[in-house]
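Good morning, everyone. I would like to walk you through one structure today, going slowly from single residues to larger pieces.

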Amino acid sequence: MNIRTNIFGGSYKEALLYLIQCITPLHVGTGQSYEGFVDLPIQRDNLGFPVIWGSSLKGAIRNTFHFHTNSNKDDENRIFGPHSDSIGKEQYSSAILITDASLLFMPVRSLYGLFAFCTHYYLLKRFVEMLSICNNSRVGELKNYIDTYKDECICSDDYILKDGKAILREEEIEIKVDTKLKNLFDNLLPNSFGLKQDILRRLVILNDKNADIIKRSTLIQTRIHLDYEKKTVKKGALWTEEFIPEMSILATTLLIRDEMSNRQDKLKAEDIKKKLKNVLARSNTDDLNEFYLIIGGNETLGRGITRFYKIG
């Protein structure tokens with residue numbers, strides 16, 4: 001994997017790397033169903049790992065900005081770009097770019113230690129690219145670690161093992177313990193990261209043979225629609241929804257450039273970062289380091305509450 005020496009290309013002047021922790025189950029749907037037993041599946045990448053598409057993330061951020069600025073469409077359009085239906089008005093690109101949020105760790109049911117936080121070398125390599133984009137000092141350390149073990153199954157502690165084996169989703173796997181993995185992510189995860197110490201003792205890197213465990217560890221919920229007068233399920237009103245489970249960790253990058261409109265008083269990248277901070281972090285000191293965001297569907301059912309942590 002090539003590690004770029006520049007911070008980021010094009011006209012972008014700010015690069016922020018975030019870890020996204022799911023506080024509640026998260027359903028960001030595809031807008032359509034596929035063949036199978038899940039009626040409303042989640043978004044997945046081309047290899048089948050759960051993902052949040054950048055368009056969904058950007059839409060959630062824009063929606064939050066819209067409501068917390070009293071529908072100030074001027075600032076909203078200057079930062080996110082005019083809506084495509086703004087006929088007869090100036091059209092220009094958004095000043096922010098947000099990448100797809102790739103899965104980093106997924107909680108997986110474990111016979112020993114209750115659960116493990118599992119990842120795969122492919123997911124770690126994608127995270128290395130994000131670290132590289134943001135010129136993070138840990139990029140070389142993580143890349144070297146991946147190159148050292150390649151296809152071995154590794155865990156950070158023997159907490160989830162018995163006789164050198166873990167049982168994850170009823171599958172028995174031989175796993176090698178390496179505490180360097182714990183130390184590596186101890187340095188990467190902010191101290192305020194939720195359940196940090198529990199996560200560090202349960203980290204697992206799976207190889208290709210066991211990668212399907214991660215893909216199968218989503219939540220499937222059956223939903224119904226009642227006929228309130230008869231207190232029975234309405235005909236045909238039975239469906240299933242898929243969720244990324246709570247505690248899952250994803251990673252994304254947010255790039256910011258100067259305003260792209262033709263205005264004379266264009267907002268600089270620093271100004272846009274400050275406006276986003278005032279809305280998302282709602283603090284004079286956080287500087288977009290941490291904030292909560294609701295993403296995806298079923299908001300009124302408590303789904304999709306996430307916490308963003310800036311690293312680097």
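**A walk through the model**

Let me begin with Q43, which is buried, because its relative accessible area is 2% and the cut-off for buried is under 20%. Please keep in mind throughout that this is a predicted model, so I will speak of what the model shows.

Where is Q43 placed? Q43 sits in the loop between β1 (14–22) and β2 (51–52). Its side chain comes to 3.0 Å from the backbone oxygen of G29, and if we set aside its neighbours within four places in sequence, the residues in contact with Q43 include V28, T30, F49, P50 and W53.

The loop between β1 and β2 also holds R44, which forms a salt bridge with E242, and there the closest N and O atoms are 2.5 Å apart. Since E242 belongs to strand β12, this pair ties together parts that are 198 residues apart in sequence. The two partners are covered to differing degrees: E242 is buried, with a relative accessible area of 5%, whereas R44 is partly exposed at 24%.

That bridge is one of 22 salt bridges that the structure holds. Another one joins the side chains of K275 and D75, at 3.0 Å from N to O. Because K275 lies in helix α8 and D75 in helix α2, this pair links parts that are 200 residues apart in sequence. Here D75 counts as buried, at 14% relative accessibility, while K275 is partly exposed, at 26%.

A further bridge is formed by the side chains of D157 and K182, at 2.9 Å from N to O. D157 is in the loop between β6 (154–155) and β7 (165–168), and K182 is in helix α5 (residues 179–188), so this pair ties together parts that are 25 residues apart in sequence. D157 is buried at 19% relative accessibility, and K182 is partly exposed at 23%. In addition, salt bridges that share partners join D74, R78, E259, R263 and D265 into one network.

Let us now turn to helix α2 itself. Why can we call helix α2 largely enclosed by the rest of the structure? The reason is that 6 of its 8 residues, in the stretch 73–80, are buried. Those buried residues are D75, E76, N77, R78, I79 and F80, and what covers them includes α1 (54–68), β3 (96–98) and α8 (269–280). Just after α2 comes G81, with a positive phi of about 90°.

Positive phi values appear elsewhere too, and a general point helps here: most residues other than glycine have a negative phi. K231, although not a glycine, has a positive phi near 60°, and K231 lies in the loop between β11 (219–227) and β12 (232–243). K231 counts as exposed, because its relative accessibility is 60%. N298, in the loop between β14 (290–294) and β15 (305–311), likewise has a positive phi near 60° without being glycine.

Finally, let us look at the surface. I224, L226, Y228, V233 and L238 form a nonpolar patch there, with about 490 Å² of accessible area together. Strands β11 and β12 each supply at least two residues of this patch. One of the patch members, L226, is in strand β11, and at 31% relative accessibility L226 counts as partly exposed.

Thank you for listening.

Conventions. Residues are numbered from 1 along each chain as its sequence is written. This is a predicted model: local features need pLDDT of at least 70, side-chain atom pairs count only at pLDDT 80 or more; totals for chains, interfaces and linings use all residues. Side-chain values use heavy atoms; hydrogens and water are left out. Helices (H or I, at least four residues) and strands (E, at least two) are DSSP runs, numbered from the N terminus. Buried means under 20% relative accessible area, exposed over 50%, partly exposed in between (1.4 Å probe, protein chains only). A polar contact is a pair of N or O atoms within 3.5 Å; within protein, one must be able to donate a hydrogen and the other to accept it, and residues adjacent in sequence count only if both atoms are side-chain atoms. Contact means heavy atoms within 4.5 Å. Patches are made of residues with over 30% relative accessible area and no salt bridge: like charges are joined within 9 Å, nonpolar side chains (Val, Leu, Ile, Met, Phe, Trp, Tyr) within 5 Å. Accessible areas come from the Shrake-Rupley method with a 1.4 Å probe; for residues, only the protein chains shown count as cover. A salt bridge is a side-chain nitrogen of Lys or Arg within 4 Å of a carboxyl oxygen of Asp or Glu.
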